[in-house]
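Trainee: I would like to learn how to read a protein model step by step. Could we go through one together, beginning with a single residue and then turning to the whole chain?

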Amino acid sequence: MKEIVFLKNKTIPEDKYQEQFESKGFNTHFVPLIQHTHLPNQALELFKNKEYLSDLKHIIVTSQRTVECLYEEVIPSLSSDEKSKLFNKTVYVVGPATQEFMTRCGFKYVRGGSETGNGNLLADFIIKELLVDKTPTNWNPLLFLVGEIRKDTITKKLTSAGLNVQEVVTYKTQPLEDNYERFKQVITDSSWVVIFSSQGTKEIVQYVKDRRIKIASIGPSTAKYLLDSGLEPEVVSKNPDPVSLYESIMPNLHKS
């Protein structure tokens with residue numbers, strides 16, 4: 001059976017990567033590299049502020065961890081009226097998986113998704129929707145729910161275009177200590193390894209580089225990190241979603 005190792009936390013209650021690849025005959029393994037801690041307080045404070053919630057028009061969400069924080073800790077702490085108002089805000093997201101989860105949370109107007117597979121594309125999408133004739137309209141700041149460690153690609157691009165962005169941290173991450181040992185327990189020379197982020201991968205990248213194990217990158221940012229580390233991925237997924245990843249790997253299976 002074909003083997004694939006995902007260097008990420010398995011999404012609960014269902015993981016779309018597992019479903020996609022197991023349905024195609026792969027044996028899947030997950031090696032979590034980082035620990036996530038929700039930080040819901042600042043978002044909760046804003047959403048419980050009647051004036052702020054009334055004025056808020058647009059939210060940006062790019063991470064599954066943010067979705068989990070909203071679903072598990074923020075939304076359950078809101079009143080029915082606060083939930084109703086929040087769910088009517090326009091939410092811009094990266095990738096179809098985030099779009100699906102935000103819709104399942106209850107949000108009615110989720111934009112982007114399959115059309116916006118990375119931060120650059122999402123920023124362009126937002127600018128196209130919110131700016132008329134390249135002139136900033138009188139929007140209140142867009143609320144960008146982020147992790148403690150994040151790239152500033154989206155914020156820089158939006159502010160350069162004249163849009164105001166308010167960043168609010170919803171989670172933090174820290175590397176787990178035994179990543180390398182847990183990885184070695186599941187890897188084989190014929191496995192594919194999918195890298196989703198640079199965090200916690202230093203020893204793993206060196207191990208893979210020495211053994212010519214096949215690597216798939218979930219996107220261009222991670223691919224750049226790998227190249228900078230002296231490791232060229234076999235494939236780079238066109239979009240950060242299970243179907244795109246599978247379609248990127250399939251033509252290269254003969255190298256197994």
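Trainee: Which residues does Q18 touch, not counting residues up to four places away in sequence?

Mentor: Before we begin, please keep in mind that this is a predicted model, in which local features need pLDDT of at least 70 and side-chain atom pairs count only at pLDDT 80 or more, while totals for chains, interfaces and linings use all residues. Residues are numbered from 1 along each chain as its sequence is written, and side-chain values use heavy atoms, with hydrogens and water left out. A contact means heavy atoms within 4.5 Å, and with residues up to four places away in sequence set aside, Q18 touches F6, K10, T28 and F30.

Trainee: Where does Q18 sit, and is Q18 buried or exposed?

Mentor: Helices (H or I, at least four residues) and strands (E, at least two) are DSSP runs, numbered from the N terminus, and Q18 lies in helix α1, which covers residues 16-22. Buried means under 20% relative accessible area, exposed over 50%, and partly exposed in between, with a 1.4 Å probe and protein chains only. Q18 has a relative accessibility of 18%, so Q18 counts as buried.

Trainee: How does A97 in helix α6 compare with those cut-offs?

Mentor: A97 belongs to helix α6, residues 96-105, and because its relative accessibility is 21%, A97 counts as partly exposed.

Trainee: How many disulfides are there?

Mentor: A disulfide is a covalent bond between the sulfur atoms of two cysteines, and the rule used here asks for a pair of cysteine sulfur atoms within 2.5 Å. By this rule the count is zero. C69 is in no disulfide, and the nearest cysteine sulfur, that of C105, is 11 Å away.

Trainee: Why is the sulfur of C105 not bonded to that of C69?

Mentor: The sulfur of C105 has its closest cysteine sulfur in C69, and because the two are 11 Å apart, they are too far for a bond. C69 is buried, with a relative accessible area of 0%, and C105, at 12% relative accessibility, also counts as buried.

Trainee: How many helices and strands does the chain have, and how compact is the chain?

Mentor: The chain has twelve helices and 13 strands. Its radius of gyration is 19 Å, close to the 18 Å that the globule rule gives for 256 residues, so the chain is as compact as a globular protein of that length. This radius is taken over C-alpha atoms, and the globule rule is 2.2 Å times the number of residues to the power 0.38. Buried residues make up 48% of the 256 residues.
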